[in-house]
Amino acid sequence: MKYKCVTGGFTKTGYLVDNPDFIKRETVYNGDVLECEGDYIIKNGVSLCHKDSIMGKYHFRKVDEE
């Protein structure tokens with residue numbers, strides 16, 4: 001499942017999915033289409049937010065996969 005950023009974007013610090021002890025900062029831009037791994041929206045291996053969280057519902061919309 002994929003999600004598209006529909007706002008002006010944001011910068012967020014998150015943890016790496018493969019290594020939760022490592023924290024990295026990622027910037028998301030308007031129009032970025034990101035993967036959803038389980039229930040979390042991921043960019044470059046960094047977990048940004050839960051897809052059903054307030055942040056997820058505000059910044060992202062589900063993309064119809066063709």
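The following exercises, with worked solutions, concern a predicted model of a single chain.

**Exercise 1.** Determine the order of the secondary-structure elements and assess the compactness of the chain.

*Solution.* Step 1: count the elements; the chain holds 1 helix and 7 strands. Step 2: place them in order from the N terminus, which gives β-β-β-β-β-β-α-β. Step 3: compare the radius of gyration of the chain, 11 Å, with the globule rule; for 66 residues the rule also gives 11 Å, so the chain is as compact as a globular protein of that length. Step 4: add the dimensions; along the principal axes, the C-alpha atoms fill a box of roughly 35 × 25 × 20 Å.

**Exercise 2.** Identify the residues of the largest nonpolar core and state which strand supplies the largest share.

*Solution.* Step 1: apply the burial cut-off of under 20% relative accessible area; of the 66 residues, 33% count as buried. Step 2: list the largest nonpolar core, whose 12 residues are Tyr3, Cys5, Phe10, Leu16, Val28, Leu34, Cys36, Ile41, Val46, Leu48, Cys49 and Phe60. Step 3: assign residues to strands; S1 (2-5), S4 (33-37) and S6 (46-50) each supply at least two. Step 4: the largest share, 3 residues, comes from S6.

**Exercise 3.** Find the residues that Phe10 touches, leaving out those up to four places away in sequence.

*Solution.* Step 1: take heavy atoms within 4.5 Å as a contact. Step 2: with that sequence exclusion, Phe10 touches Glu26, Thr27, Val28, Met55, His59 and Phe60. Step 3: compare with the core; Phe10, Val28 and Phe60 are among its members.

Note on methods
Residues are numbered from 1 along each chain as its sequence is written. This is a predicted model: local features need pLDDT of at least 70, side-chain atom pairs count only at pLDDT 80 or more; totals for chains, interfaces and linings use all residues. Side-chain values use heavy atoms; hydrogens and water are left out. Helices (H or I, at least four residues) and strands (E, at least two) are DSSP runs, numbered from the N terminus. The radius of gyration is taken over C-alpha atoms; the globule rule is 2.2 Å times the number of residues to the power 0.38. Buried means under 20% relative accessible area, exposed over 50%, partly exposed in between (1.4 Å probe, protein chains only). A nonpolar core is a set of buried Ala, Val, Leu, Ile, Met, Phe, Trp, Tyr and Cys residues joined through side-chain atoms within 4.5 Å.
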